[in-house]
Amino acid sequence: PAKTEFAVIADTHYMIDPGDLPLEFESRRHQTHRSKAALKLLTRLGVDCIFHLGDLIQEYPETPDFPRALEEALQQIDEIGLDLHHCAGNHDVGDKPDPSMPTHPVTAKGLEKYHDRVGNSWYSFDRGDHHFIVLNSQILNTDLEAATEQLTWLRTDLEAASDRRIALFLHLPPY
């Protein structure tokens, strides 16, 4: 038997019910239902921990419905009874500065809102013989103070966990 088992899900993109509004894709009308079904399936796996690798919601931090969508998505997760380890995605905190992306760049204020409601966007914990590290890829290589804090923290954390199996989780690759 495995010493530690974990599951990974990402990009569930919880979406506020659009009603009759026109959508980019008609399939989006089923997006929240499909996400809920997938999240419910995770409860049956019996794994040691579950990671959500970001883009919990469809809204972006700068859109008016962002707070409501985030609240509803977290409520849905609570109602299902999931204990997720969250990883920040571009829909959750903003994006790396990139004019080709639909979301605006992450800001210190937006990051603070995420930390207040969801939890720190970089952290680690041990489970079984594994050391799990969750990073915020959205702030990598930015000039935000949080980027420096995360990197300093990561160096110390990796050093302290050098005798364990390490699994690293982030939303986007670091390059």
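## Buried loop residues, an open sheet and two cores

At a relative accessibility of 4%, D55 counts as buried, and in this predicted model the residue sits in the loop that runs between strand 2 (49–52) and helix 2 (66–80). Its backbone deserves a look as well, since the phi of D55 is near 60°, a positive value in a residue other than glycine. Most residues other than glycine have a negative phi.

H13 can be described under the headings used for D55: it has a positive phi of about 50° although it is not a glycine, and it is found in the loop between strand 1 (6–9) and helix 1 (31–43). H13 is buried too, because its relative accessible area of 14% falls under the 20% cut-off. The table sets out the values for these two loop residues.

| Residue | Phi | Relative accessible area | Loop |
|---|---|---|---|
| H13 | about 50° | 14% | between strand 1 (6–9) and helix 1 (31–43) |
| D55 | near 60° | 4% | between strand 2 (49–52) and helix 2 (66–80) |

The strands that precede these loops belong to a sheet. Three strands form this open sheet in the order 1-2-3, and the pairing is parallel. Strand 1 and strand 3 (84–86) stand at the edges, where each has a single partner strand, so one side of each is left without a neighbour in the sheet. From one strand to the next, the twist averages 25°. Between strand 1 and strand 2 the parallel pairing extends over four bridges, and F6 stands opposite C49 in strand 2.

Turning to the interior, the largest nonpolar core holds 18 residues, of which L39, L42, L56, I57 and L82 touch the most other members. Strand 1, helix 1 and helix 2 each supply at least two residues of this core, and the largest share, seven residues, comes from helix 2. Which residues does L39 touch, not counting residues up to four places away in sequence? The contacts of L39 are with I9, Q76, I77, I80, L82 and L84. Apart from this core lies another one, of 14 residues, among them A146, A147, L154 and L170. In soluble globular proteins, nonpolar side chains tend to be buried together.

Conventions:
Residues numbered from 1 in each chain as written. Predicted model: local features only at pLDDT ≥ 70, side-chain atom pairs only at ≥ 80, totals over all residues. Heavy atoms only, no water. Buried < 20%, exposed > 50% of the residue type's maximum accessible area, 1.4 Å probe, protein only. Pairing = 2+ DSSP bridges. Axes fitted to C-alpha atoms, helices over the stretch in contact; angles between N-to-C directions. Core = buried A, V, L, I, M, F, W, Y, C linked by side-chain atoms within 4.5 Å. Contact = heavy atoms within 4.5 Å.
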